[in-house]
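Here's a quick tour for anyone meeting this structure for the first time. Have a look at the model, then read on for the overall picture and one residue in close-up.

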Amino acid sequence: MRRTVFNEDHEAFRATLRDFIEKEVVPVHREWEQVGHPPRDFYRRLGDLGVLGIEVPQEFGGAGETSYKYQAVVTEELTRAGVSFGSYSVHANLILPYLMAYATQEQKKRWLPGFARGDIMTAIAMTEPSTGSDLANISTRATLSEDGRHYVVNGAKTFITGGVLADLILVVVRTTPFDPGDRRAGLSILCVETASEGFAVGRKLDKIGLKTTDTAELSFSDVKVPAENLLGQEGKAFSYLSHNLAQERLAIALGSAAAAEAALRHAIAYVKDRT
Ligand SMILES: Cc1cc2nc3c(=O)[nH]c(=O)nc-3n(C[C@H](O)[C@H](O)[C@H](O)COP(=O)(O)OP(=O)(O)OC[C@H]3O[C@@H](n4cnc5c(N)ncnc54)[C@H](O)[C@@H]3O)c2cc1C
């Protein structure tokens with residue numbers, strides 16, 4: 001089937017990326033799998049190449065693309081080659097939409113240039129040891145200080161992609177006590193800098209697949225988070241999380257379609273070669 005969805009610019013980008021992946025990722029990918037993630041500097045390399053800033057507005061150092069198609073090319077080419085850029089996908093496909101939709105201009109100024117350069121790698125922490133699908137059950141607590149200047153965060157998260165190397169983590173926290181009458185109320189997103197005192201990365205989890213994405217346990221013990229690191233409005237996290245699911249699902253669908261195509265290609269090559 002001939003596709004008409006991509007234009008010449010997308011295809012030129014695809015050719016450059018394919019070459020980069022073949023030369024700079026395929027030869028070292030096995031080592032990354034053993035370590036559990038790419039070297040930290042690799043993300044800066046992606047930043048130099050412009051891959052992390054495709055959809056970051058130009059005023060914050062990105063290319064300002066508004067279409068998802070370039071990200072789609074990245075997903076297709078990674079899957080085609082059977083490799084990954086570590087936690088790139090969460091950083092660029094998942095986190096950026098949150099920052100674009102809910103960050104203030106001041107927050108964008110603070111975080112997006114580093115985001116695009118690969119100096120600030122990001123992750124999102126929703127899941128907890130006893131809370132998976134049912135996010136309304138989140139118990140990591142954030143209490144606003146009396147002077148309103150910072151939150152104090154206590155709790156634990158698990159299965160967090162990019163958790164080992166992240167510099168900034170969007171942490172879903174409970175800012176008001178659980179209300180059985182409105183299970184979706186009371187959750188907020190705080191952007192926690194991982195250099196903060198009281199923040200710790202626990203185990204890096206061993207997985208049967210996705211070996212180059214660092215999946216981690218995180219803990220928060222009286223972590224002070226400045227009030228200006230609240231993303232969007234207090235209490236609105238549940239609706240923010242639901243809203244962004246559409247693009248997350250699109251990214252998964254794209255990766256799955258590209259994986260099916262790659263599997264078919266490998267199978268055809270194999271049966272033609274085998275006697
Ligand atoms: C590789 C990997 C990376 C991840 N990265 C992140 C990340 O970056 N950030 C993050 O926050 N989380 C991350 N997660 C966690 C992921 O979001 C959770 O695994 C997911 O939300 C499911 O939660 P759970 O594993 O606790 O399963 P559970 O919620 O315990 O579900 C177990 C099973 O029960 C089913 N089930 C649950 N509730 C119901 C119900 N009410 N009715 C019927 N069936 C039900 C589910 O469909 C599932 O089949 C990651 C997980 C993995 C495996």
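## Overall size

The radius of gyration used here is taken over C-alpha atoms, and the rule for a globule is 2.2 Å times the number of residues to the power 0.38. Keep in mind that this is a predicted model. For 275 residues the rule puts a compact globule near 19 Å, and the chain comes out at 20 Å, so the two agree. Measure along the principal axes instead, and the C-alpha trace spans about 70 × 40 × 35 Å.

## How the chain is built

What is the chain made of in terms of helices and strands? It has eight helices and eight strands. If you take the contacts with a separation of 6 or more, 72% of them join residues 24 or more positions apart.

## Inside and outside

Of the chain's 275 residues, 48% count as buried. The accessible surface adds up to about 14,100 Å², with 53% of that belonging to carbon and sulfur atoms.

As for charges, there are 31 positive and 35 negative ones, and their mean positions sit 4 Å apart.

## A closer look at His10

Now zoom in on helix 1, which covers residues 8-25 and includes His10. Is His10 buried or exposed? Buried means under 20% relative accessible area. His10 has 6% relative accessibility, so it counts as buried.

Who are its neighbours? Leaving aside residues up to four places away in sequence, His10 touches Lys69, Tyr70 and Val73. There's also a polar partner: a polar atom of the His10 side chain lies 3.0 Å from the backbone nitrogen of Asn7.

Notes. Residues numbered from 1 in each chain as written. Predicted model: local features only at pLDDT ≥ 70, side-chain atom pairs only at ≥ 80, totals over all residues. Heavy atoms only, no water. Helix = DSSP H or I, 4+ residues; strand = E, 2+ residues; numbered from the N terminus. Buried < 20%, exposed > 50% of the residue type's maximum accessible area, 1.4 Å probe, protein only. Contact = heavy atoms within 4.5 Å. Areas by Shrake-Rupley, 256 points an atom, 1.4 Å probe, with all protein chains shown as cover. Lys, Arg positive; Asp, Glu negative; His and termini not counted. Charge placed at Lys NZ, Arg CZ, Asp CG, Glu CD. Polar contact = N/O pair within 3.5 Å; in protein donor to acceptor, adjacent residues only side chain to side chain.
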